[in-house]
Amino acid sequence: MSADNSLTRAQCNDLRTVAAMIVPASDEYKVPGADDPAIQADILATLGRDTRLVAVALDHLARLAGQPLAELDAERRDTVAREFRRSGGAAAATLTRVVLQCYYRDDRVLRSLGLELRAPFPKGYVLPDGDWSLLDPVKARGGTLRRAPTI
Amino acid sequence: MTKDPVDVLIIGAGASGAAVAWSLAETKMHILCLEQGGWMNPAEYPSTGRDWEAKFYGEWSSSPNIRARPEDYPVNDDNSPIKVVNYNAVGGSTVMYTAHWPRLHPSDFKVKTLDGVADDWPIDYDALTPFFEENDRMMGTSGLSGDPLSPLTHPPMPQQPMGLSGAIIGKAMNKLGWHWWPSDTTVATTDYEGRARCINLGHCTPACAQGAKSSTDITYWPHAVRAGVELRTHCRVREITTDENGMATGVVYYDKDGVEQFQPAHVVIIACNGVGTPRLLLNSKSDRFPNGLANSSGLVGKNLMFHPYAQIYGYVKEPTDSNRAPPTCLWSKEWYDTDLSRGFVRGYGVQFVRGAGPVFEAVVSEQKGILPWGEDHHRVFRKLNGHRLGFSAICEDLPEEHNQVTLDPVLKDSHGIPAPKIDYTISENSRKMMDHALARGREVLEMAGATDICVNSPIPWGGWHLLGTARMGTDPNKSVVNEWGRAHDVKNLFIVDGSIFVTSGGVNPTSTIQALALYIADQMKQRLANLFD
């Protein structure tokens, strides 16, 4: 594991490979994979307090793979990934979460999902008021509060 | 240099501390509040950035252990299936709450009489009624008056929009013939007392940049400060000191520079929540109070109640409100009262959940195993995202002495003050209640057409409600404070937060906590001439 607050080159390579296994690119949905350079750059730039656990996860992945993940054949890579998810604990969950939280804020991905490319504030969103006549059956049924003795 | 004594010293500027400070301000006494956190800056709230969801996993986590801001103290909750969540700042956990605003029911105050379990409160609902009303005006509530299965309320603002999710839930509940109603909330649906109306920033639990969600830093505190209350931030109290007569003399605290200070006071009020309050009392040992302050009953820290949450959710074909609305909009009291044919005593309230944002959806669904890695990820994600509906049951937790807050022998905060340790198990009665709730929730979701149904029972990071650890009562052997909040053992020490709850009810407690704080302040004002008799 790297000693400082960053990942080694080998760890970065494995991160890129496993990210593509989590979310591959899709022509059908016109989205990049999570190994896309911009998404990878976002992940590395914002690792922050997650760096230690992500490094632990990547070390675990490296032990399971025995060599750079990208050099394994597809079948072996899938086997390693299954074992990583099974045995990786909080570190593996953190790595996966870090990949997903950067992937699902990428402009191309949000556009594909039909979501607006902005922070919620200050514009907010509009919500339909709804048909409050739906409450009529509840009102018609009525009911009473359970009685309680008073002091 | 010795500081001048203040008349009243309040510890904690959250829900109850703010309410009691505002109420006592009219006495013109010198009132000082010490708060370990600082004032919040809404410009830095998560919804102002594109990375708003990622922040929930770090600096805006609801867990103080994950968040680990300098203002937070650690909690050893390894021995509890439910983890403590809170927020430490001016406004306290009202900065980070769902703003769901039910009250305890009248029957919740008489549990022993009605159901033969736990204990009755020494006060009843009627004693709190005027303070519920006053608090609703101060916090600014929205809702629809007239729910047949809830205490009568008079929200000054109309209810939140039903939205897409509310309509789906309402139709399903109607088909099943079950009660539902728009929730009372502290989300402003119109401009109100200087607060702008809700614009659906959509994830208002971790703070509202619009200021539409009520938190006491923007409701009570501006009024209290204007009325002369002094609020000193970044001041962490270590212990309450006492004299040879057993009266509180003041507190030792660390100021914003970490320097130890002594602040003398004639009256001390604790408002630190059901974990922070027993921690402080247990840390205030002395020769006269060797087991902790106000602890002659041995009940300080005992009877911790959390409200185990049984949550079930699923995905419908129609779009839901996702993250584009406050998270809660409707409640149900269908299963609130005791019906022994269900196999348990007492009951639960339900809050329906509108949906989730894309990052949360992806992360949680991957962990649940319903969102795959690889080629099929995109198809499945599009089926899940923006289609979630949730049902969360707030199960009444009965008091049990083995559920407790003690001091951790090793863990300390950044000032070296021993941290709280939680020992908690979910009772058999609660387990049965949670299972019942999950079965009802499944029926609702299936009636709504939901698939891919998932369960969180309990919600692990669901220890929002911290109750019961310094309970009120008339018998000093069976309670920590009397029926108006004064410690039995220390006649100038008061507690006004959720720790004085005798039982927990099956609803979010903040409305009742604040009504209690206002009630105790009123009792103090009526007795000022003989407060220590």
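Me: How many residues stand between strand 13 and strand 14 of chain B in their hairpin, and which turn residue has a positive phi?
Reply: In this predicted model, 5 residues separate strand 13 of chain B from strand 14 of chain B in the hairpin. The turn residue is B:G416, with a positive phi of about 85°.

Me: How do you know that strand 13 and strand 14 of chain B pair?
Reply: Count the bridges. There are 5 between strand 13 of chain B and strand 14 (residues 418-423) of chain B, and the two run antiparallel. Pairing needs at least two bridges, so the 5 bridges here qualify. In this pair, B:T406 stands opposite B:K421 of strand 14 of chain B. B:V405 has B:I422 of strand 14 of chain B as its bridge partner.

Me: What makes strand 3 and strand 14 of chain B a pair, and which way do they run?
Reply: Their bridges number 2, and the strands run parallel. The threshold is at least two bridges, so 2 is enough. B:N76 stands opposite B:K421 in strand 14 of chain B.

Me: Why is the pairing in the sheet with order 3-14-13 of chain B called mixed?
Reply: Strand 13 and strand 14 of chain B run antiparallel. Strand 3 and strand 14 of chain B run parallel. The open sheet of 3 strands is therefore listed with mixed pairing, each pair meeting the cut-off of at least two bridges.

Me: What makes strand 3 and strand 13 of chain B edge strands?
Reply: Each pairs on one side only; strand 13 of chain B covers residues 404-412. On average, neighbouring strands of this sheet are turned by 40° against each other, direction ignored.

Me: Which helix packs on this sheet of chain B, and at what angle to strand 13 of chain B?
Reply: Helix 7 (residues 273-282) of chain B does, touching strand 13 and strand 14 of chain B. Its direction makes about 65° with that of strand 13 of chain B.

Me: Why is B:L281 called buried?
Reply: B:L281 lies in helix 7 of chain B. Around B:L281 there are 30 other C-beta atoms within 10 Å. The cut-off is 20 or more, so B:L281 is buried.

Me: What does B:L281 touch beyond its neighbours within four places in sequence?
Reply: Its contacts are B:G292, B:L293, B:A294, B:N295, B:V300 and B:A470. B:V300 is 19 residues from B:L281 in sequence, with the C-alpha atoms 7.5 Å apart in space.

Me: What makes the phi of B:A99 stand out, and is B:A99 buried or exposed?
Reply: B:A99 is not a glycine, yet its phi is positive, about 70°. Most residues other than glycine have a negative phi. B:A99 lies in the loop between strand 3 (76-79) and helix 3 (111-115) of chain B. It has 28 other C-beta atoms within 10 Å against a cut-off of 20 or more, so B:A99 is buried.

Me: What about B:R346: what is its phi, and is the residue buried or exposed?
Reply: Phi of B:R346 is near 70°, positive in a residue other than glycine. B:R346 sits in the loop between strand 10 (328-332) and strand 11 (348-353) of chain B. It has 28 C-beta neighbours inside 10 Å and the rule asks for 20 or more, so B:R346 is buried.

Me: Which peptide bonds into B:P458 and A:P122 are cis or trans, and at what omega?
Reply: The bond from B:S457 to B:P458 is cis, with omega near 0°. The bond from A:F121 to A:P122 is cis too, with omega near 10°. Most peptide bonds are trans. B:P458 lies in the loop between strand 15 (451-456) and strand 16 (493-495) of chain B. A:P122 lies in the loop between helix 6 (107-112) and helix 7 of chain A.

Me: Why are helix 1 and helix 3 of chain A called roughly perpendicular?
Reply: Helix 1 (residues 9-22) and helix 3 (residues 51-65) of chain A pack at about 85°, with their axes 10 Å apart. The range for roughly perpendicular is 65 to 115 degrees, so the helices fit the term. Helix 1 of chain A contributes A:Q11, A:D14, A:L15 and A:V18, and helix 3 of chain A contributes A:A55, A:L58, A:L61 and A:A62. By class, these contact residues are 6 nonpolar, 1 polar and 1 charged.

Me: How many residues does each chain put into the contact, and which helix of chain A gives the most?
Reply: Chain A supplies 42 residues and chain B supplies 58. Helix 5 of chain A gives the most to its side, with 5 residues. The side of chain A that touches chain B has 27 nonpolar, 9 polar and 6 charged residues.

Me: What confidence does the predictor give?
Reply: The complex has an ipTM of 0.96 and a pTM of 0.97. Chain B has a mean pLDDT of 97, with 100% of its residues at 70 or more.

Note on methods: Residues are numbered from 1 along each chain as its sequence is written. Chains are lettered from A and ligands numbered from 1 in the order in which they are written. This is a predicted model: local features need pLDDT of at least 70, side-chain atom pairs count only at pLDDT 80 or more; totals for chains, interfaces and linings use all residues. Axes are lines fitted to C-alpha atoms, for helices over the stretch in contact, and angles run from 0 to 180 degrees between N-to-C directions. Helices (H or I, at least four residues) and strands (E, at least two) are DSSP runs, numbered from the N terminus. Angles under 35 degrees count as roughly parallel, over 145 as roughly antiparallel, 65 to 115 as roughly perpendicular and the rest as oblique. Two residues are in contact if their C-beta atoms, placed from the backbone, lie within 7 Å. Ala, Val, Leu, Ile, Met, Phe, Trp, Tyr, Cys and Pro count as nonpolar, Asp, Glu, Lys and Arg as charged, and the others, Gly among them, as polar. pLDDT is the predictor's confidence in each residue, from 0 to 100. A residue is buried if 20 or more other C-beta atoms lie within 10 Å of its own, exposed if 12 or fewer, and partly exposed in between; C-beta atoms are placed from the backbone.
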